[in-house]
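Here are my notes on the model, as numbered points. Please read them with the structure open.

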Amino acid sequence: MKGSIWKGKGALFLLLLLFLVTMSACSPRNPPGREGSQAVSASPSSSESSAPVEEKEDPQPSTISLVAVGDNLIHDAIYNQASRRAGGDGYDFSFAYEQVAPLIAGHDIAFYNQETPLASAIAPLSSYPMFNSPTQLGDHMLSLGFNVVTQANNHMLDQGEAGLVATMDYWDTTDALMIGAYRNEEAMNQPATITKNGITIAFVATTYGTNGLSLPAGSELRYILDTDLEEIQRQIQMARQSADFVVVAPHWGVENTFEPSAQQLELAQQMADWGADLIIGMHSHTIQPVAWLTAEDGRQTLVFYSMGNFISAMHGAYNIPSLLADLEITKDPATGETTITKAEVLPLVTHFDSGVANVAVWPLTTYTREMAARHGVTQFDSQFSYDYILDCCRQVIDPQFWSPEMAAILEEDASSSQDAAA
């Protein structure tokens, strides 16, 4: 009896122990960090059980920086000094551009007009009136950061069809986008574009003429004249369809004048109406006004009627100042519109010493009265002075486009003049 009792009690004990273990396993446990708190049953609507909802950020606008200068007009004084600085072995153009190099570097797009052919591979170097420059010049311009260059100008045929082909052959060996000259009709029908930061920019370039020179009969090469309005319209509209933003670079106007001609004013408005967003004009060898135009569709088009000579050895006081355009172009992801959101101008000065020696381009911010007083151009044009440069800037460029640095220089000069007058 005793053994059977214990056996019965043992069985009962095991059943009780099993029950307690089962109940313990089924009981809710406190989550880590909440020891001693009462368990809370989960529900489908509980914030602790639902997955976090990620808020989508609105896409941010895309921007690119664009810097533009004018005519790179290479007289023999410039390529000869480059030869001397290279010790007679090649060409070293660094001295001519080193003062403005920091202003070019680092931009998404850097644009200029190569006024002279780069056909040294097939013809000797030459100066005015039939120019030819060494390809090492192009190499140096690329090293400065330029990546878009127009060859559409009145000197593009100075070395004939072969010279233009040689120039195009050179640019084809580089990563630069060369515009304004085309190997054939098919190439002219392909929009010239460059894409940076998700923004595609298209370029169209034209020239008023080629100094009476022409391509031989049967040549497949092509370029666009300012007078061929139907072709210009077609090119701009074709560019408009393939890009977010359209830049037109016309070589136009009257040399050595500060005011745009009636033809420039009319054609600029037509270009804006046809779809141009930015017009960078060249050829006058002087600076001309900067202005906003309202296109037929309501867009605002910015036009630089003439940038002046980026560098040259011309002998007129009016040939010495030029412009550097510092622009920001922004694409709004919500509307898809691409507009100019910053437009500033900084004047540049081409300096050379007596005898047209040591030709170099300087920003106005570092150019001095002392340098202006010994400028070699005074041998040819006595009206040149530091004040002459400032007067050109004030009279030609609307203050809304002055860069902060330019505004500071002009304001300081005006204040000094008032103090002197008092």
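1. Start with one cross-strand pair. Val67 sits opposite Asp326, a residue of β12. Keep in mind throughout that this is a predicted model.

2. That pair belongs to a longer ladder. Strands β1 and β12 are antiparallel partners, with seven bridges between them. β1 covers residues 62-72, and β12 covers residues 321-331.

3. Asp326 also has a partner in β13: Glu344 stands opposite Asp326 there. The pairing of β12 with β13 (residues 338-353) is antiparallel too and counts 11 bridges. β12 thus has β1 as one partner and β13 as another.

4. How buried is β12? Of its 11 residues, nine are buried, so the rest of the structure largely encloses this strand. The cut-off here is under 20% relative accessible area.

5. Look at the turn next. β12 and β13 make a hairpin, and six residues lie between the two strands. Gly336, in that turn, has a positive phi of about 80 degrees.

6. A second hairpin deserves a check. Strands β5 (residues 192-196) and β6 (residues 199-207) run antiparallel and are joined by five bridges. One of the bridge pairs matches Thr195 with Thr200 of β6. Two residues separate the strands of this hairpin, and Asn197 adopts a positive phi near 55 degrees.

7. Now helix α5, residues 135-144. Which of its residues are buried? They are Thr135, Leu137, Gly138, His140, Met141 and Leu144. Gly145 follows the helix, with a positive phi near 120 degrees.

8. What do the buried residues of α5 pack against? Their helical partners are α3 (94-97), α4 (101-104) and α6 (160-172). Their strand partners are β1 (62-72), β2 (109-114) and β11 (309-311). β1 therefore links two parts of this note by definition of contact and pairing: it is packed against by α5 and pairs with β12.

9. Chain-level figures come last. The chain holds 12 helices and 14 strands. It has 422 residues, and 49% of them are buried. For contacts between residues at least 6 apart in sequence, 69% connect residues at least 24 apart. The exposed area of the chain is about 20100 Å², of which carbon and sulfur atoms supply 53%.

Definitions and conventions
Residues numbered from 1 in each chain as written. Predicted model: local features only at pLDDT ≥ 70, side-chain atom pairs only at ≥ 80, totals over all residues. Heavy atoms only, no water. Helix = DSSP H or I, 4+ residues; strand = E, 2+ residues; numbered from the N terminus. Buried < 20%, exposed > 50% of the residue type's maximum accessible area, 1.4 Å probe, protein only. Contact = heavy atoms within 4.5 Å. Areas by Shrake-Rupley, 256 points an atom, 1.4 Å probe, with all protein chains shown as cover.
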